[in-house]
Amino acid sequence: MLRGIGRGPFGPKSPPGPGTGSAAAVIDPPLAPAQPEPSPRNESAPSPRPAPAPEPEPPAVIPAARRGEVKADPAQEQYEALKRTIHTRLVDRLDMTRVGEMDPKTLRNEIRGVVEDLCDVENPLLNRNERQRLVNEILDETFGYGPLELLLKDDKIGDIMINGPKNIYVEKGGRISKSEVTFRDNEHLLQIIDRIVSRVGRRVDETSPMVDARLPDGSRFNAIIPPLALDGPVVTIRMFGSKPLSKDDLLKFKAFTPEMLAVMEGAMRARLNVIISGGTGSGKTTLLNTLSRFIQHDHRVITIEDAAELQLQQDHVVRLETRPPNIEGRGAVTATDLVKNALRMRPDRIIIGECRGAETLDMIQAMNTGHEGSMTTVHANTPRDALSRLETMISMAGLELPIRALRSQFASAVDLIIQASRLPGGPRKVTSISEVIGMEGDTIIMQEIFAFRQHGIDESGRAYGEFIATGIRPTFMDRLEQSGCHLPHDLFTQRVMLKD
Ligand SMILES: Nc1ncnc2c1ncn2[C@@H]1O[C@H](COP(=O)(O)OP(=O)(O)OP(=O)(O)O)[C@@H](O)[C@H]1O
Ligand SMILES: [Mg+2]
């Protein structure tokens, strides 16, 4: 009778840990040294909390359809009741003071054994798949991120957007759709949020209702809760960890052409200063990650981010992360502080995940003073817009500089602006590669080398157009040659390179 509701096992059964299958092993576990989940920020985090203890809460009912919200499904209800019973029994048996001290992996294995035993006691009629699913769901609820685990395991999902406990949207292939997954209520969603942020030493409550964090796989996590969010906690997750896109993936997706890649690669090797500009979710960070692979391995790179999401492939990388103020409003460390400090750390290149404010000036100055090959991203819709945004950030930060002086700093610091865009229907493309060549009067002069021209939208709503070479040969070709990057002469001949 439970048939037909299962969605199959999540994966292979974990190997049994010592004492698996025995409730006694969990009630009286061997004392393992405390090993909090490895997290790169733990060292610097203000009073990081220990690895979270299992939640003494009955598990949530997951998919809306299965919850019988529309129409009660007796088999489903029975399944959920069984899950709740087993979870309650499990929590009764746990010694909460001990579980916090145990190695999470060992603990999970031990508890898996106990849950499997409880399953057999409560309902020996479950088939193998159903039993496996039940055990996994209870473990997800106890140790993982509850209903969210289901979405986090789906590597086709790029973004998860949770608008309160019942409205969850996901983005797949550039398109947004509503997911079946739901949380029980606000309280349940808040528990999961708290579990995620406490792992990286942050907190979320009424006095600090907005938080940035990172999942163990590197995915970016943001939560904003009531009273700021009016309809329950809102969570936005940008998935990264499972499938970082490679240059080959991006070529396959026609995000840019091989010619464009050759120039971007050359720019990296020749230590050009690069700004990646784009709207929200246009693929800036992805591009930064991909291009960073071309940085020489003997270069010392320092990255500065609000919530670390860059995944550089080099060995010699120092990752720094800003810190929000503590509960008394003190102890904040800004990107500006970190850029200043980074300059004393003998960097070859500095990468700022995203320029939002005063750090822009420090970045530009660093680019002008021997840290060539630095990079950052900025929210802007065109390359020219990117420069004016940066200018605005500096003047908004109260840094009084004559506009002409500022612009000439930009003109000499920035070599290349790469524009990323998310086009209608989902495709993400590099829509412009422009060189900054200097100043004329008060104006910064730029020239576009490659571009994507959109011609329309097809029946499915997807944008189409063509990548073109504008016919302009960049002035930095000498620098590319000097760094050993020899590009064919006809690379820049004016033409349509690729239609998509
Ligand atoms: N060319 C591409 N084709 C398909 N998917 C892409 C492409 N570039 C990026 N993505 C995916 O799009 C999502 C957004 O990318 P990314 O985080 O790089 O954007 P962003 O511009 O940095 O966003 P934000 O403004 O939120 O920081 C990610 O899930 C990423 O894997
Ligand atoms: Mg980004």
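**Exercise 1. Sort the shell around ligand 1 by residue class, and find where the shell comes from.**

Step 1. The shell holds five nonpolar, eight polar and three charged residues. The classes are set as follows: Ala, Val, Leu, Ile, Met, Phe, Trp, Tyr, Cys and Pro count as nonpolar, Asp, Glu, Lys and Arg as charged, and the others, Gly among them, as polar.

A note on the model before going on. This is a predicted model, in which local features need pLDDT of at least 70 and side-chain atom pairs count only at pLDDT 80 or more, while totals for chains, interfaces and linings use all residues. Residues are numbered from 1 along each chain as its sequence is written, and chains are lettered from A and ligands numbered from 1 in the order in which they are written.

Step 2. Ligand 1 is surrounded by 16 residues. A residue is near a molecule or strand if its C-beta atom, placed from the backbone, lies within 6 Å of it. The closest are Gly158, Ala255, Gly283, Thr285 and Thr286.

Step 3. Helix 10 (residues 284–292) gives the largest share, three residues. Helices (H or I, at least four residues) and strands (E, at least two) are DSSP runs, numbered from the N terminus.

Step 4. Domain 2 (147–242) and domain 3 (247–499) each supply at least three residues of the shell. These bounds come from an automatic or database domain assignment.

**Exercise 2. Locate the largest nonpolar core, and say which domains give residues to it.**

Step 1. Take the term. A nonpolar core is a set of buried Ala, Val, Leu, Ile, Met, Phe, Trp, Tyr and Cys residues joined through C-beta atoms within 7 Å. A residue is buried if 20 or more other C-beta atoms lie within 10 Å of its own, exposed if 12 or fewer, and partly exposed in between, with C-beta atoms placed from the backbone.

Step 2. The largest core has 87 residues. Ala223, Ile304, Val339, Ile350 and Ile418 have the most contacts inside it.

Step 3. Both domain 2 (147–242) and domain 3 (247–499) contribute residues, so this core lies between them.

Step 4. Zoom in on Ile304. Leaving out residues up to four places away in sequence, Ile304 touches Leu320, Ala335, Leu338, Val339, Ala342, Ile350, Ile352 and Gly353. A contact means C-beta atoms, placed from the backbone, within 7 Å.

Step 5. A second, separate core has 15 residues, including Ile86, Cys119, Leu134 and Val135.

**Exercise 3. Check the span of helix 7 and of helix 9 against expectation, and list their buried residues.**

Step 1. The expected span of a helix is 1.5 Å times one less than its number of residues.

Step 2. Helix 7 (residues 186–199) has 14 residues, so it should span 20 Å, and its end C-alpha atoms agree, being 20 Å apart. His188, Leu189, Ile192, Ile193, Asp194, Arg195, Ile196, Val197 and Arg199 are its buried residues. They pack against helix 6, strand 1, strand 4 (210–214), strand 5 and strand 6. Just after helix 7, Gly201 takes a positive phi of about 70°.

Step 3. Helix 9 (residues 258–269) has 12 residues. From its first C-alpha to its last it reaches 16 Å, close to the 16 Å expected. Glu259, Met260, Val263, Met264, Gly266, Ala267 and Met268 are buried here. Arg271, just after helix 9, has a positive phi of about 60°.

**Exercise 4. Place Lys254, Arg346 and Pro227 in their loops, and name the backbone feature at each.**

Step 1. Lys254 sits in the loop between helix 8 (247–252) and helix 9. Its phi is positive, about 55°, although it is not a glycine. Lys254 has 15 C-beta neighbours inside 10 Å, so it counts as partly exposed.

Step 2. Arg346 sits in the loop between helix 11 (335–343) and strand 10 (349–352). It is not a glycine either, yet its phi is positive, about 50°. Arg346 is exposed, because 9 other C-beta atoms lie within 10 Å.

Step 3. Pro227 lies in the loop between strand 5 (220–224) and strand 6 (234–238). The peptide bond from Pro226 to Pro227 is cis, with omega near 10°.

**Exercise 5. How far apart in sequence and in space are Thr382 and Gly278?**

Step 1. Thr382 is in the loop between strand 11 (375–379) and helix 13 (383–396).

Step 2. The two residues are 104 residues apart in sequence and 7.3 Å apart in space, C-alpha to C-alpha.

How values were computed
Two residues are in contact if their C-beta atoms, placed from the backbone, lie within 7 Å.
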